[in-house]
Amino acid sequence: MSTSLLEVEKINSFYGDSHILFDVSLSVGRNEVVALLGRNGAGKTTTLRSIMGVLAPRSGTILLDGTPIQGRPPFEIARRGLQLVPEERAIFGQLTVEENLRLAALTAPKAWSLDRIYEFFPRLKERRRSGGRQLSGGEQQMLAIARALIRDAQVILLDEPFEGLAPLIVRDLVRVSRDLAAQGRTILVVEQNVVAALSFADRVYILNNGHMVWQGTPAGLRADPSLMKAHLGI
Ligand SMILES: Nc1ncnc2c1ncn2[C@@H]1O[C@H](COP(=O)(O)OP(=O)(O)OP(=O)(O)O)[C@@H](O)[C@H]1O
Ligand SMILES: [Mg+2]
């Protein structure tokens, strides 16, 4: 049995006839923060969707704590402790912050209390009676992460959590993400904001055209400007 909490081995994913992921492998250890980087269209979101079961890989294996989960439906994968926070955040604009949280907790086998969530996100407590639509971008992202957390997610898949947010808000969210990892959660984050991602990732993978082309540490990536330029365009 592997020692990684999440182990993706040579998955191939398709949209219809389009082959998108080619033998993609990655592993995420318990309490690790791993960043998955790559240009637009590289296959980052497709990787997260494949792990979550939204898109079943055509071949390859995905092990969660040693158990194969590939091809299982998303609700079952969620019940095993995985949560995807999608790029579009998918919170309910007509519901209040608290209603959004209660709804997320409803079907979780082991939900956190609202108080525990509010301890983590004091800002959400202040805004608990506000409608989802009235929240700022940063608050919406906090709520999206909080909805994963209230379901006691062990592994949180974050798709571009910092997109469109001001630097100060990004800094806040980076701190939150670090706290999450320190408190035993495991995070796989996809980001275009390479600087922010490198500021809190333990390890990094780079996808290019559906192929995993590099893995290493943030320091290793920073030390190789040609790599940054070739695959990340910076
Ligand atoms: N629903 C879909 N149907 C068909 N092709 C898709 C679909 N979603 C994505 N693709 C294609 O799959 C490839 C990978 O897309 P994906 O969304 O995984 O990239 P990404 O790395 O997340 O990019 P971005 O940084 O723009 O979010 C792209 O070529 C994209 O056009
Ligand atoms: Mg994407």
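Which strands does helix 10 (residues 225-232) lie across, and at about what angle does helix 10 run to strand 10?

## The six-stranded sheet

In this predicted model, helix 10 lies across strand 3 (33-37), strand 9 (203-208) and strand 10, and its direction makes an angle of about 150° with that of strand 10. These three strands belong to an open sheet of six strands with mixed pairing, whose order is 6-7-8-3-9-10. The edges of the sheet are taken by strand 6 (82-85) and strand 10 (211-216), each of which has a single partner strand, so one side of each is left without a neighbour in the sheet. On average, and with direction ignored, neighbouring strands of this sheet are turned by 15° against each other.

At the edge formed by strand 6, the pairing with strand 7 (residues 155-159) is parallel and extends over four bridges. Two residue pairs illustrate the register: L82 has V155 of strand 7 as its bridge partner, while V85 is bridged to L158 in strand 7. The residues of strand 6 alternate in direction, with L82 and L84 pointing one way and Q83 and V85 the other way, and all of them are buried.

## The four-stranded sheet

A further open sheet is built from four strands in the order 2-1-4-5, with antiparallel pairing. Here strand 2 and strand 5 (67-68) stand at the edges, and each has a single partner strand, so one side of each is left without a neighbour in the sheet. Strand 1 (residues 6-15) and strand 4 (residues 59-64) are joined in the antiparallel sense over five bridges, and within this pairing E9 has T61 of strand 4 as its bridge partner. Helix 1 lies across strand 1, strand 2 and strand 4, and runs at about 70° to strand 2.

## The shell around ligand 1

Which elements each supply at least two residues of the shell around ligand 1? They are strand 2 (18-28) and helix 1 (44-52), and the largest share, three residues, comes from helix 1. The residues around the ligand are Y15, S18, I20, G38, N40, G41, A42, G43, K44, T45, T46 and Q192. Sorted by class, this shell has eight polar, three nonpolar and one charged residues.

## The nonpolar core

In soluble globular proteins, nonpolar side chains tend to be buried together. The largest nonpolar core of this model has 66 residues, of which A146, I156, L157 and V189 touch the most other members. Helix 6 (residues 137-150) gives the largest share of this core, namely eight residues.

The surroundings of V189 can be described in more detail: when its neighbours within four places in sequence are left aside, V189 is in contact with V33, A35, L158, P161, A197 and A201. Among these contacts, L158 is also the bridge partner of V85.

## Two residues with positive phi

Two residues other than glycine deserve separate mention for their backbone angles, D23 with phi near 45° and R89 with phi near 70°. D23 is found in strand 2, whereas the place of R89 is in the loop between strand 6 and helix 3 (97-106).

Are these residues buried, partly exposed or exposed? D23 counts as partly exposed because 13 C-beta neighbours lie inside 10 Å, while R89 is buried, having 20 other C-beta atoms within 10 Å.

Methods. Residues numbered from 1 in each chain as written. Chains lettered and ligands numbered in written order. Predicted model: local features only at pLDDT ≥ 70, side-chain atom pairs only at ≥ 80, totals over all residues. Core = buried A, V, L, I, M, F, W, Y, C linked by C-beta atoms within 7 Å. Buried ≥ 20, exposed ≤ 12 C-beta atoms within 10 Å, placed from the backbone. Contact = placed C-beta atoms within 7 Å. Near = placed C-beta within 6 Å. Nonpolar A, V, L, I, M, F, W, Y, C, P; charged D, E, K, R; others polar. Pairing = 2+ DSSP bridges. Axes fitted to C-alpha atoms, helices over the stretch in contact; angles between N-to-C directions.
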